[in-house]
Amino acid sequence: MSMTEFPRLHAGGPRLLADIGGTNCRFAIERGPGQLEGVEILPCAAYATLGDAMRTYLAGPTVQALTSSPIRHAALAIANPVTGDYVRMTNHHWEFSTEALRVECGFEILMVVNDFSALARSLPHLGEHKRQVGGGVPQPDTALGLIGAGTGLGVSGLIPCASSWTALRSEGGHVSFAPINDDEIAILQFAWREYDHVSFERFLSGAGVELIYRALADRAGSPNERLSAAEISRRALSGECPLCDDVLEAFCGMLGTVAGNLAVTLGAQGGIYIGGGIVPRLGARFDRSSFRRRFEQKGRFVHYLTAVPTYVITAEYPAFVGVSAILSEKLSD
């Protein structure tokens with residue numbers, strides 16, 4: 001067997017990668033570039049601190065079977081703003097100092113980054129783990145846009161620089177919602193009963209799907225069953241509820257508008273990527289929705305946007321890809 005047949009390993013030993021959400025934390029070991037192994041998902045509620053969860057994973061049989069040496073380098077993405085050493089999670093009770101956590105777990109290097117920044121950094125490395133939904137060929141050396149609907153509406157962009165990429169720390173999900181037809185005007189007027197300011201995130205999120213449902217049920221004079229977002233999607237995809245299908249159609253159209261806004265704002269001729277927990281689960285229903293038509297619906301800029309490709313991210317753990325790239329850059333400095 002030639003040496004080229006052996007997988008390439010990281011010179012500094014295996015690395016710990018983590019994706020920390022408000023409900024679950026995901027861990028993996030990367031022994032070499034792109035070699036993710038030992039993926040485990042631990043419930044945040046089962047551990048008093050993030051350090052407890054990390055040490056439990058590192059001491060478990062999965063990691064022990066993969067490596068006998070201590071992990072020296074680690075990077076984690078977290079669903080929270082990261083602006084300094086101290087992180088206090090907004091959707092869970094964990095809080096920590098990055099430096100103290102590094103010492104506690106015995107790492108030489110520990111990087112902590114926002115989860116959407118990590119997702120943005122994954123985009124150039126997704127390879128076949130994306131599905132194109134309309135548009136042309138991505139233009140080289142141009143910006144990429146990222147938008148993802150889940151618990152909230154995440155927005156970011158990736159800007160090419162001399163030797164790598166810079167991820168934008170954006171809060172673009174909170175831009176003001178702009179309706180483009182009578183249905184959306186009615187949905188917005190319904191939302192104004194509850195909120196003084198209605199952002200795109202008010203609709204393009206799990207809670208937003210439920211808000212759209214309440215608004216359309218109110219407009220149609222239908223009973224309001226207070227359905228969950230998951231149940232609305234299930235009924236729509238099974239074909240058993242036309243109103244729920246209308247909700248998904250409205251959601252996809254709104255997403256097309258804000259994705260098109262992002263494309264022209266960033267000049268994202270490298271493409272717009274769709275992540276988050278909602279769209280990847282819609283499958284072919286998303287592909288045949290009004291998303292792409294609405295994406296291109298920008299008057300004089302329709303030809304510009306027709307050329308911009310849009311992709312649904314299909315990677316199972318895209319945040320790991322992003323934090324791996326960020327950690328590799330740090331270690332190559």
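# Briefing: a helix face, an open sheet and the cysteines

The buried residues of helix α5 pack against three helices: α6 (206–220), α8 (242–266) and α10 (291–296). The model is a predicted one. The points below cover this helix, an open sheet of 6 strands, a buried serine in strand β10, and the cysteines, for which the count of disulfides is 0.

**Helix α5**

- Helix α5 spans residues 182–191, and its buried residues are Glu184, Ile187, Leu188, Phe190 and Ala191.
- Viewed along the axis of α5, these buried residues fall within an arc of 160°, so they line one face of the helix.
- As background, an α-helix has 3.6 residues a turn, so residues three or four places apart point the same way.
- At the start of α5, the backbone nitrogen of Asp183 has a side-chain oxygen of Asn181 within 3.2 Å.

**The open sheet**

- The 6 strands are arranged in the order β8-β13-β12-β9-β10-β11, and their pairing is mixed.
- The edges are formed by β8 (130–132) and β11 (165–167); each has a single partner strand, so one side of each is left without a neighbour in the sheet.
- From one strand to the next, the twist averages 25°.
- Strands β9 (residues 144–149) and β10 (residues 153–160) run antiparallel and are joined by 6 bridges.
- Leu144 stands opposite Leu158 of β10.
- In general, strands of a sheet pair through backbone hydrogen bonds, either parallel or antiparallel.
- Helix α4 (residues 115–122) lies across β9, β10, β11 and β13 (310–313), and runs at about 45° to β10.

**Ser156 in strand β10**

- Ser156 belongs to strand β10 and counts as buried because its relative accessible area is 2%, below the 20% cut-off.
- The side chain of Ser156 reaches the backbone oxygen of Leu168 at 2.8 Å.
- Beyond its neighbours within four places in sequence, Ser156 is in contact with residues including Phe116, Ala120, Gly145, Leu146, Leu262 and Leu266.

**Cysteines**

- A disulfide is a covalent bond between the sulfur atoms of two cysteines.
- With the requirement that the two sulfur atoms lie within 2.5 Å, the count comes to 0 disulfides.
- Cys44 is in no disulfide, and the nearest cysteine sulfur, that of Cys25, is 4.3 Å away.
- Cys44 counts as buried because its relative accessibility is 0%.
- The sulfur of Cys252 has its closest cysteine sulfur in Cys244, 14 Å away, which is too far for a bond.
- Cys252 is also buried, with a relative accessible area of 1%.

Methods. Residues numbered from 1 in each chain as written. Predicted model: local features only at pLDDT ≥ 70, side-chain atom pairs only at ≥ 80, totals over all residues. Heavy atoms only, no water. Buried < 20%, exposed > 50% of the residue type's maximum accessible area, 1.4 Å probe, protein only. Helix = DSSP H or I, 4+ residues; strand = E, 2+ residues; numbered from the N terminus. Arc of directions from axis to C-beta. Contact = heavy atoms within 4.5 Å. Polar contact = N/O pair within 3.5 Å; in protein donor to acceptor, adjacent residues only side chain to side chain. Pairing = 2+ DSSP bridges. Axes fitted to C-alpha atoms, helices over the stretch in contact; angles between N-to-C directions.
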